[in-house]
Amino acid sequence: MKKKLPLTVILFTDGACSGNPGPGGWGCILRHLPTGKEKEMSGSETMTTNNRMELMAVIQGLRVLNRPVGVQVVSDSQYVLNGLEKWMAGWKRKGWKLADGKPVKNQDLWMELDELKSRHDMSFQYVRGHAGHPENERCDEMAVEAYRKLKK
């Protein structure tokens, strides 16, 4: 059994898409709890979906963590949070297939997220999107700004 790591990082995330599919962006904020230091990151893709951008925000945030830590993911994406907490274990048991035998959508990103998740002690918090949560609003701003840069 993996040793429980103390909560060290809060990872706030959001994804956005103009059209679904269409140009999309992701944004995340990593907050290091002992120091209060924060790192903001964002990125974009020319043709993607909102769900892929929600996943990328979490993946990109976890990629920069250079050692195992306790991470709380704070997201407005039920898709991401349910996938991480409830669905992924079953998908893996079924060879990344859904109950009806169809392949899991965004399997490439879920598989990477599964590998990243295995390195950390993760917990999850849902926040309602576009409801005034400061970090969620900031992540949304960064995601939208990232894909709008593609249109210029």
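# Reasoning from values to terms

Trainee: Why is Lys37 counted as exposed?

Mentor: The relative accessibility of Lys37 is 63%, and the term exposed is kept for values over 50%, so Lys37 falls in that class. Bear in mind throughout that we are reading a predicted model.

Trainee: Where does Lys37 lie, and with which residues is Lys37 in contact once its neighbours within four places in sequence are left aside?

Mentor: Lys37 belongs to the loop between strand 2 and strand 3, and, with those neighbours set aside, its contacts are Leu30, Arg31 and His32. Its C-alpha atom is 23 Å from that of Ala146, a residue 109 places away in sequence.

Trainee: What makes Ser77 buried?

Mentor: Ser77 has a relative accessible area of 5%, and buried means under 20%, so the value meets the criterion. Ser77 sits in the loop between strand 4 and helix 2, and its C-alpha atom is separated by 8.8 Å from that of Thr13, although the two positions lie 64 residues apart along the chain count.

Trainee: Which two residues in the loop between helix 2 and helix 3 have a positive phi without being glycine, and are they buried or exposed?

Mentor: They are Trp96, with phi of about 60°, and Asn106, with phi near 60°; Trp96 is placed in that loop, and so is Asn106. At 10% relative accessibility Trp96 counts as buried, and at 15% Asn106 counts as buried too, because the limit for that term is under 20%.

Trainee: What surrounds Trp96, apart from its neighbours within four places in sequence?

Mentor: With those neighbours left aside, Trp96 is in contact with Met88, Trp91, Pro103, Val104, Gln107, Trp110, Met111 and Asp114. For Trp110, which is 14 residues away along the chain, the C-alpha separation from Trp96 is 9.1 Å.

Trainee: How do you know that the peptide bond from Asn20 to Pro21 is cis?

Mentor: The omega angle of that bond is near 20°, and the bond is recorded as cis. Pro21 is located in the loop between strand 1 and strand 2.

Trainee: What makes a group of residues a nonpolar core, and how many residues does the largest one have here?

Mentor: The members must be buried residues of the nonpolar kinds admitted, joined through side-chain atoms within 4.5 Å. The largest such set has 31 residues, and Leu11, Leu62, Val71, Val73, Trp110 and Leu113 have the most contacts inside it. The elements giving two or more residues to this core are strand 1, strand 2, helix 1 (50–63), strand 4 (70–75), helix 2 (78–93), helix 3 (107–117) and strand 5 (121–126), and helix 1 supplies the largest share, with seven residues. Apart from this core lies another, of seven residues, including Ile10, Phe12, Val74 and Cys139.

Trainee: With which residues is Leu11 in contact, leaving aside its neighbours within four places in sequence?

Mentor: The contacts of Leu11 beyond those neighbours are Cys28, Ile29, Leu30, Val58, Gly61, Leu62, Val71, Gln72, Val73 and Val74.

Trainee: Which residues lie nearest the centre of the largest pocket, and which elements line it?

Mentor: The lining consists of 14 residues, and Val9, Leu30, His32, Val64 and Leu65 lie nearest the centre. The elements that give two or more residues to this lining are strand 1 (7–17), strand 2 (22–32) and strand 3 (38–48), with strand 2 giving the most, three residues. By residue class the lining divides into five nonpolar, four polar and five charged, and the volume of the pocket is about 260 Å³.

Trainee: How do you know whether the radius of gyration agrees with that of a compact globule?

Mentor: For 152 residues, a compact globule would be expected to have a radius of gyration near 15 Å, and the protein has 15 Å, so the two agree. Along the principal axes, the C-alpha atoms fill a box of roughly 50 × 45 × 25 Å, and 48% of the 152 residues count as buried. Among contacts between residues at least 6 apart in sequence, 67% join residues at least 24 apart.

Trainee: In what order do the elements run from the N terminus on?

Mentor: The order is β-β-β-α-β-α-α-β-α, made up of four helices and five strands.

Key. Residues numbered from 1 in each chain as written. Predicted model: local features only at pLDDT ≥ 70, side-chain atom pairs only at ≥ 80, totals over all residues. Heavy atoms only, no water. 1 Å grid on protein atoms, 1.4 Å probe; cavity = no way out; pocket = protein on both sides within 12 Å on 5 of 7 lines; lining within 4 Å. Points joined across faces, edges and corners; volume = space filled by probe spheres on them. Nonpolar A, V, L, I, M, F, W, Y, C, P; charged D, E, K, R; others polar. Buried < 20%, exposed > 50% of the residue type's maximum accessible area, 1.4 Å probe, protein only. Contact = heavy atoms within 4.5 Å. Rg over C-alpha atoms; globule rule 2.2 N^0.38 Å.
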